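This briefing looks at a few local features that a structural biologist may wish to inspect in the model. It moves from the surface to backbone details.

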Amino acid sequence: MAKLLKLNQFLMRIKVWVPVFLLLGCASAEEDLKVSYMHNPALKTIHPAESWKGNPVDQDGRFLNLYHKFDSSFGDLWKWKTSANPQKEEKESETRKLEVNEQANIPEDDEDYLIWLGHASFLIRINGKVMITDPILFDNFFLKRESPLPFPAEDLPAIDYLLISHNHRDHCDKKSIQFLSEKNPGMEILTGLKLGKVIRDWTRGQEIQEAGWYQQYQTADLTITYLPSRHWSRRWLWDLNENLWGGFHIAHNGKTVYFMGDSGFGKHFEDIRQIMGNPEYCLMGVGAYKPEWFMSQAHISPQDAIEAFNILGGRYFIPMHYGTFDLSDEPRMEPWDILNSNQKEINGNLIAPVLGNNLFQ
């Protein structure tokens, strides 16, 4: 059984990461590609520059990053999977897990809350509206939780907005979306361009709003904006970068939450600060980053996440994307250890993300 589980984990990594190596030339190098631009004409674009045309798309209809070109090859995948992990023993002996509030409950009054459910899943209520980001509520063949949900999925409150950052299976889970759609007939789904075609058949007919970067969704009670990240997308062999990836900025009455999604380090963090201002709460991915020579084009390291947070000028640093699934070479709790030991470098407040706690300060 253990051998089968390891085989499953290897297949999961292959399935998730093979697409990286097919991204040769799929960035914003307009001198190499015939680039066009895409946006949702039904949504408001807030980018202030007259030169902003929307999301760059190559001649094959594949979305591109703004500043970075992937330079990997299938050989890099093979090198990673056949090379010894220098932290193998440390990783295998890791016994610590994410801290879980075993008495966690969802506030029933009008209190705003921000509750980490693990990985990139957050339950958020602001101005009476409840949102959930990238929900992975159940184990599946490829993803097995190493830290439990703080409360059963059946206990979740009514969801007003489901936010899906991109189509990767550790962020866009069919069973979780089907479950939430069944429970919440009035829920609206907010995501990136062309992702509706991936998830529409999983829903009960809920409205799906697809935004380009720097576009605001049509929400009367909150201001929610889709923002760029440095990443990529794929679920099958034939859909390379056909669906957009990104993050979210949520704002109401002076309270702002930035959800990074998956991203490597890049100049887009500076752009976000200049256009959106300084976010109060920054939900920063810090895990699945080793080996860095391989992962850095799609995931940010804890140290680079600190730099990105400082560029953003945030007030509260809330780490995510570690400790829940085994996706990379670093030990489970290493990202937190690095952040905790480098708090003096953080120009803000590092919040320990206990599963189930209300992280709003």
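Helices and strands are here DSSP runs, of at least four residues with H or I for helices and at least two with E for strands, and they are numbered from the N terminus. The model is predicted, and the points below concern a nonpolar surface patch, which W236, L237 and W238 form, a cis peptide bond between K290 and P291, and positive phi values at D134 and at H321.

**Surface patch**

- W236, L237 and W238 together offer about 440 Å² of accessible area as a nonpolar patch on the surface.
- Within this patch, W238 belongs to the loop that runs between β11 (223-227) and β12 (247-252).
- W238 has a relative accessible area of 62% and therefore counts as exposed, the cut-off for that class being over 50%.

**Cis peptide bond**

- The peptide bond joining K290 to P291 is cis, with omega at about 0°.
- P291 sits in the loop between β14 (281-285) and α7 (292-295).

**Positive phi outside glycine**

- D134, a residue other than glycine, has a positive phi near 35°, and its place is the loop between β6 (129-133) and β7 (161-163).
- D134 is classed as buried because its relative accessibility is 0%, where buried means under 20%.
- H321, likewise a residue other than glycine, has a positive phi near 65° and lies in the loop between β15 (316-320) and α9 (334-341).
- With a relative accessible area of 3%, H321 is also buried.

Definitions and conventions: Residues are numbered from 1 along each chain as its sequence is written. This is a predicted model: local features need pLDDT of at least 70, side-chain atom pairs count only at pLDDT 80 or more; totals for chains, interfaces and linings use all residues. Side-chain values use heavy atoms; hydrogens and water are left out. Patches are made of residues with over 30% relative accessible area and no salt bridge: like charges are joined within 9 Å, nonpolar side chains (Val, Leu, Ile, Met, Phe, Trp, Tyr) within 5 Å. Accessible areas come from the Shrake-Rupley method with a 1.4 Å probe; for residues, only the protein chains shown count as cover. A salt bridge is a side-chain nitrogen of Lys or Arg within 4 Å of a carboxyl oxygen of Asp or Glu. Buried means under 20% relative accessible area, exposed over 50%, partly exposed in between (1.4 Å probe, protein chains only).
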